[in-house]
Amino acid sequence: MGTDISGFLEYRAPQDDQEPIWYCAHDLSSLNDVPNYDAFGCLFGVRNYANFRPVAAGRGFPTDASATVSARFAQLTEWYGEGGFHGTTWITWAEVKAIDWDEPAEKPDSRLHEYRQTPNGLRMTGKASWSGAFAAAVGLKAGEVRE
């Protein structure tokens, strides 16, 4: 089973003489055609198979989110229930800008990494916790596990 990510870009702006409030700028679902679990793990600690130190994990839903985002969250909660999703959190642009993209993971990624030889050298084609082709190549039987 896969994991989808729902997200929005918001900006904060003043309204007359009142406190600034959040406005929805863009729904990020169009950027999520192919889930990137390494990004989910790095940013939010969700499906963190690559073992990154998450930047913004488990903060919950922001209490001051825009009306648009609050309505969408309420809709998702109605559809899936309180326990129907995990990893609800938020991150600021300042935090994204401060990320050290060269920081190593806390421990090695234990997934199988698959590569293909190309005219330009090896190219990674995927990562998975199980591969039937790999199991057959090393002589594993169905359900057998080895360290």
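Two strands count as paired when DSSP finds at least two bridges between them. Keep that rule at hand for the exercises below, and remember that the model is predicted.

**Exercise 1. The hairpin of strand 1 and strand 2**

Find how many bridges join strand 1 to strand 2, and decide whether the two run parallel or antiparallel. Then look at the residues between them.

*Solution.*
Step 1. Start with the pairing rule: at least two bridges are needed. Strand 1 and strand 2 are joined by seven bridges, and they run antiparallel.
Step 2. Pick out some partners across the hairpin. Arg12 faces Trp22 of strand 2, and Gln15 has Gln18 of strand 2 as its bridge partner.
Step 3. Turn to the connection. The hairpin has two residues between its strands, and Asp16 sits in this loop.
Step 4. Check the backbone of Asp16. Its phi is positive, about 55°, although Asp16 is not a glycine.
Step 5. Check the surface. Exposed means over 50% relative accessible area; Asp16 has 72%, so it is exposed.

**Exercise 2. Another positive phi**

Where does Arg47 lie, and is it buried, partly exposed or exposed?

*Solution.*
Step 1. Locate the residue: Arg47 belongs to the loop between helix 1 and helix 2.
Step 2. Look at its backbone. Arg47 is not a glycine, yet it has a positive phi of about 50°.
Step 3. Apply the cut-offs: buried is under 20%, exposed is over 50%, and partly exposed falls in between. With a relative accessible area of 26%, Arg47 is partly exposed.

**Exercise 3. The two sides of helix 2**

Work out which residues of helix 2 are buried, and what they pack against.

*Solution.*
Step 1. Take the dimensions. Helix 2 covers residues 67-80, 14 residues in total, and reaches 20 Å from its first C-alpha to its last, close to the 20 Å expected.
Step 2. List the buried residues: Val69, Leu76 and Thr77. They share one side of helix 2, because they cover an arc of only 100° around its axis.
Step 3. Recall the geometry behind this. An α-helix has 3.6 residues a turn, so residues three or four places apart point the same way.
Step 4. Find the neighbours. The buried residues of helix 2 pack against strand 1 (8-15) and strand 2 (18-27), the hairpin partners from Exercise 1.
Step 5. Now view the face turned away from the buried side: it carries the exposed residues Ala67, Glu78 and Trp79.
Step 6. Finish at the end of the helix, where Gly81 follows with a positive phi near 80°.

**Exercise 4. Helix 1**

How many of the residues of helix 1 are buried, and which are they?

*Solution.*
Step 1. Count: six of the eight residues of helix 1 are buried, which leaves this helix mostly covered.
Step 2. Name them: Asp38, Phe40, Gly41, Cys42, Leu43 and Phe44.
Step 3. Identify the packing partner. The buried residues of helix 1 pack against strand 4 (121-128).

**Exercise 5. The largest pocket**

Which element gives the most residues to the lining of the largest pocket?

*Solution.*
Step 1. Begin with the volume of the largest pocket, about 1800 Å³.
Step 2. Go to the lining, which has 45 residues; the closest to the centre are Ile5, Ser6, Gly7, Phe8 and Phe44.
Step 3. Collect the contributors. Strand 1, strand 2, helix 1 (37-44), helix 2 and helix 3 each supply at least two lining residues.
Step 4. Choose among them: helix 2 gives the most, with five residues.

**Exercise 6. Sequence and space**

How far apart in space are Gly87 and Gly45, and how far apart are Lys107 and Asp64?

*Solution.*
Step 1. Place Gly87 in the loop between helix 2 and helix 3. Gly87 is partly exposed, with a relative accessible area of 33%.
Step 2. Read the pair: Gly87 and Gly45 are 42 residues apart in sequence and 7.3 Å apart in space, C-alpha to C-alpha.
Step 3. Place Lys107 in the loop between helix 3 (93-97) and strand 3 (112-118). At 54% relative accessible area, Lys107 is exposed.
Step 4. Read the second pair: Lys107 and Asp64 are 43 residues apart in sequence and 35 Å apart in space, C-alpha to C-alpha.
Step 5. Add the contacts of Lys107: leaving out residues up to four places away in sequence, Lys107 touches Ala50 and Asn51.

Note on methods
Residues numbered from 1 in each chain as written. Predicted model: local features only at pLDDT ≥ 70, side-chain atom pairs only at ≥ 80, totals over all residues. Heavy atoms only, no water. Helix = DSSP H or I, 4+ residues; strand = E, 2+ residues; numbered from the N terminus. Expected span 1.5 Å × (residues − 1). Buried < 20%, exposed > 50% of the residue type's maximum accessible area, 1.4 Å probe, protein only. Arc of directions from axis to C-beta. Contact = heavy atoms within 4.5 Å. 1 Å grid on protein atoms, 1.4 Å probe; cavity = no way out; pocket = protein on both sides within 12 Å on 5 of 7 lines; lining within 4 Å. Points joined across faces, edges and corners; volume = space filled by probe spheres on them.
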